[in-house]
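Let us take a walk through this model together. Have the coordinates open beside the text as you read.

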Amino acid sequence: MPQTIRSAISTLIAQGVAGTWNVWRVLRHRGPSQFQFWLIALLIGIAAGFSALFFRKGISALQAWVYGADDVDFLHSFAQDMPWYWLILIPTLGGLIVGLILHRFTPDARVRSVADVIEGAALGDGRVEVRAGLASACASFLTLSTGGSTGREGPVVHLAGVISTWISNRIQADGITGRDLLGCAVAAAVSASFNAPIAGALFALEVVLRHFAVHAFAPIVIASVAGTVINRLEYGDVTEFDLITPGALQFYVELPAFLMLGLICGLVAVVLMRSIFLAEQIGNALQDRMLLPRWLRPAASGLLLGVIAVWFPHIIGVGYETTVLALTGALVLHQTILFAVVKTAAVAVTMGGRMGGGVFSPALMVGALTGLAFGLIATAVLPDVSGTHTLYAFAGMGAVAAAVLGAPISTTLIVFELTGDWQIGLAVMVAVSMSTALASRIVDRSFFLTQLERRNIRCAAGPQAYLLSTLRVGSVMRPIRDPGCVSAEDCAELIEEGLSIKASASLEAAMPIFDRAGLAYLPVLADDETSDNSPNLVGALYHIDSLKAYNRALVAAAAEEHS
C-alpha cells in the first residue's frame, strides 16, 4: 500500500511539473500576442462605452431643449401640456432631417441596426458599413430626440460595430479576430447603455456572434466591464429602473399563470414584430404609388407620429415613464391595454417610416404593459393564490423582449440587472422560456434574423445556410489553362446552352445549377465581356471543388465555434 501511495504521488508530481511547463511555454509563445489582443479589446470597450454614453446624454440634452422638459425620464408628463401643433411639428421636422441624412449618406435610405451587425459577423468578417453606420447613428439620434417611438440600443450597437470595424481594418484582422472585436464592441455598448455587464457580454455572444466559444469569452467580458465602468462613472452604481420589490412568488400554485403569460407574451411579441414588417410593406407601397421621394418618407412618418402623440404623448421616445408606471402598478386595466396597442402602432410607424432606432426598449414597455394587464386580471380572478400584479409586469417585460430579440439568456439577465431584483427569477425564466419557444416558431427566431431573411440573407438556420454565399466562384474555379480544367471547346457547348456562371457569383447561385442540370462542371465567365460582346471564358467551376470548399468552410466555422 505505501508503495502504491508513493507511486500515485510521483505521478501527480510529474503531471504537475509537465502542466507547469506547458503553462510557461504558452505564456512565452502566446502570452504577448494574447495580452495585446486583450488590450485592444479593452480599448474597444472604452471607446464603445463612451460612444453609448455620449449617445444617451446627447439624446437627453436635445430632448430637454426641444420639448422643454426638466427631466426627460418623465417626458410625456411635460409633452401633454404642450400646444398640439408643437407635438406634430417636432417629429415632422425631425423626420425631414433624418430623411435628408439617409438620402445623402446611405445607398438605400435605410437605417442600419442590430440586424446589420449580425450580418457583418456572419458574412463580413466582423465588419459593418462605416459611412452608412455613422449616418444611421445620426439619424437615430435625431429620431429619438424629436419624438420617434423606438429605443437607443440598436443604433448604439451598430455604432460600436463601426468602431470595431475601423480598428479591424487598421490592424488587418482576419475573420475570427474581426468577429471577436465586433463582439467586444457590442458587449461594451450594451453594458454602457443599461449598466448590465453580465447581460452585455452574453448579448454579444448569444445574439451577434451566435456562439459561446471560449476564446471569445475573455476579451468580450473585458470590454463589457469597461463599458459598465464608464456608465457607472457617470450615473453611479444604480439600476435603470428604481423599483420596489414586486412581491413573492406563490410557488407551484402560481407557475401555471406564468406559463400562460409567457405564451401570451410570445404572441404579443409576434404582433409587435409583424406590425413593423407590415408598416414597412405599406410604406414601400405608398412610396411607390405616390411617387414620394425617399427623403420625404421619414417626415411623413413623423407627421403621423405627431398626430398620435397629441392624444397619447407616452409614445414619445423610449417610454421610460410609462414602463415605470406599469412596473409599479400605477395604471388601470384599460390603460395598459390601450397604451400597449398605441405603442405598438407608434413603433411600427417609426420603423416602417425608416426613422431609425431599436426595438428593445419598446419591447420592454409593451411587455411590462402586457404583464400588468394579465396580472390585474389574474389577481382579480384568484386573489387568494396570486402574488402582486406588478410581479406579472416584471415577468412580461422580460418575456416580450426576449421573444423579440430571440435572446432568452441575455434578456433575462438584462431584466434582472435593469431592476436589481434577483428574487423572482423563477417567474421571469418561466415566462421567457415559453414566449421565446412560441415566437421563434412563428417568425425566423427573432426580429433581427427575420429582417435578414426578408432581405434573402439566411442567417437564422446557421452557418450551413449562409456559408455558400460567402464563397466566390472565382476563388474556387479552375483557370482555363489549368491542366486539370476542361477544354475551352467543351465549355463553349455549355455556354451556348445557357449553362454558365459569372466569376463574381457565389456558390449559393452555382449549386442549384449543378443540382438541376446534373453537370460535373460549369463554364465560368468574366464579369466584363470582350470587345466584340462575346463571352469571356476564364475557367470552369467543378461540382466536386465546390463541395470541398463548402466542407472546408463548415469545418472552419465549427472550429471557431468550439475553440
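What follows goes from the overall make-up to the core, the sheet, some helices and a few backbone details.

This is a predicted model, in which local features need pLDDT of at least 70, side-chain atom pairs count only at pLDDT 80 or more, and totals for chains, interfaces and linings use all residues. Residues are numbered from 1 along each chain as its sequence is written, and side-chain values use heavy atoms, with hydrogens and water left out.

## Overall make-up

The secondary structure of the chain comes to 24 helices and 4 strands. Here helices (H or I, at least four residues) and strands (E, at least two) are DSSP runs, numbered from the N terminus. Of the 563 residues in the chain, 54% are buried; buried means under 20% relative accessible area, exposed over 50%, and partly exposed in between, with a 1.4 Å probe and protein chains only. A contact means heavy atoms within 4.5 Å. Among contacts between residues at least 6 apart in sequence, 78% join residues at least 24 apart.

## The core

A nonpolar core is a set of buried Ala, Val, Leu, Ile, Met, Phe, Trp, Tyr and Cys residues joined through side-chain atoms within 4.5 Å. The largest one has 139 residues, and those with the most contacts inside it are Ile 220, Val 404, Phe 447 and Phe 448. Helix 16 (residues 389-405) gives the largest share of this core, 13 residues. Apart from it lies another core of 16 residues, among them Ala 79, Ile 90, Leu 305 and Met 355.

Ile 220 is a good place to zoom in. Not counting residues up to four places away in sequence, Ile 220 touches Asp 180, Gly 183, Cys 184, Ala 187, Ala 201, Ala 204, Leu 205 and Leu 209.

## The sheet and its helices

In what order do the strands of the open sheet lie? The 4 strands follow the order 1-4-3-2, with mixed pairing. Strand 1 (478-479) and strand 2 (501-502) stand at the edges with a single partner strand each, so one side of each is left without a neighbour in the sheet. Two strands pair if DSSP finds at least two bridges between them. Strand 1 and strand 4 (residues 537-542) pair in the antiparallel sense over 2 bridges, and Arg 478 stands opposite Ala 540 in strand 4.

Helix 24 (residues 543-561) packs on the sheet, where helix 24 touches strand 1 and strand 4 and makes about 70° with the direction of strand 4. Helix 22 (residues 488-496) lies across strand 3 (521-525) and strand 4, running at about 90° to strand 3. For such values, axes are lines fitted to C-alpha atoms, for helices over the stretch in contact, and angles run from 0 to 180 degrees between N-to-C directions.

## A helix pair and a buried serine

The axes of helix 17 (residues 408-419) and helix 18 (residues 425-442) come within 10 Å and cross at roughly 145°. At this crossing, Pro 408, Thr 412 and Phe 416 in helix 17 meet Gly 425, Val 428, Met 429, Val 432 and Thr 436 in helix 18.

Ser 410 also belongs to helix 17. Is Ser 410 buried or exposed? Ser 410 is buried, with a relative accessible area of 0%. Leaving aside neighbours within four places in sequence, Ser 410 is in contact with Ala 199, Leu 202, Phe 203, Glu 206 and Val 207.

## Positive phi values

Several residues take a positive phi, and the table gives their values.

| Residue | Phi | Place |
|---|---|---|
| Ala 109 | near 55° | loop between helix 4 (84-105) and helix 5 (114-123) |
| Asn 195 | about 55° | loop between helix 8 (175-194) and helix 9 (197-209) |
| Leu 291 | about 55° | just after helix 11 |
| Arg 354 | about 60° | just after helix 14 |

Ala 109 is buried at a relative accessible area of 6%, and Asn 195 counts as buried at 6% relative accessibility. Arg 354 is found in the loop between helix 14 and helix 15 (360-381). The C-alpha atoms of Arg 354 and Ala 109 are separated by 7.8 Å, though their places lie 245 residues apart along the chain. In sequence terms, Arg 354 and Ala 109 are 245 residues apart. The contacts of Arg 354, leaving aside neighbours within four places in sequence, include Ala 109, Val 98, Leu 102 and Glu 280.
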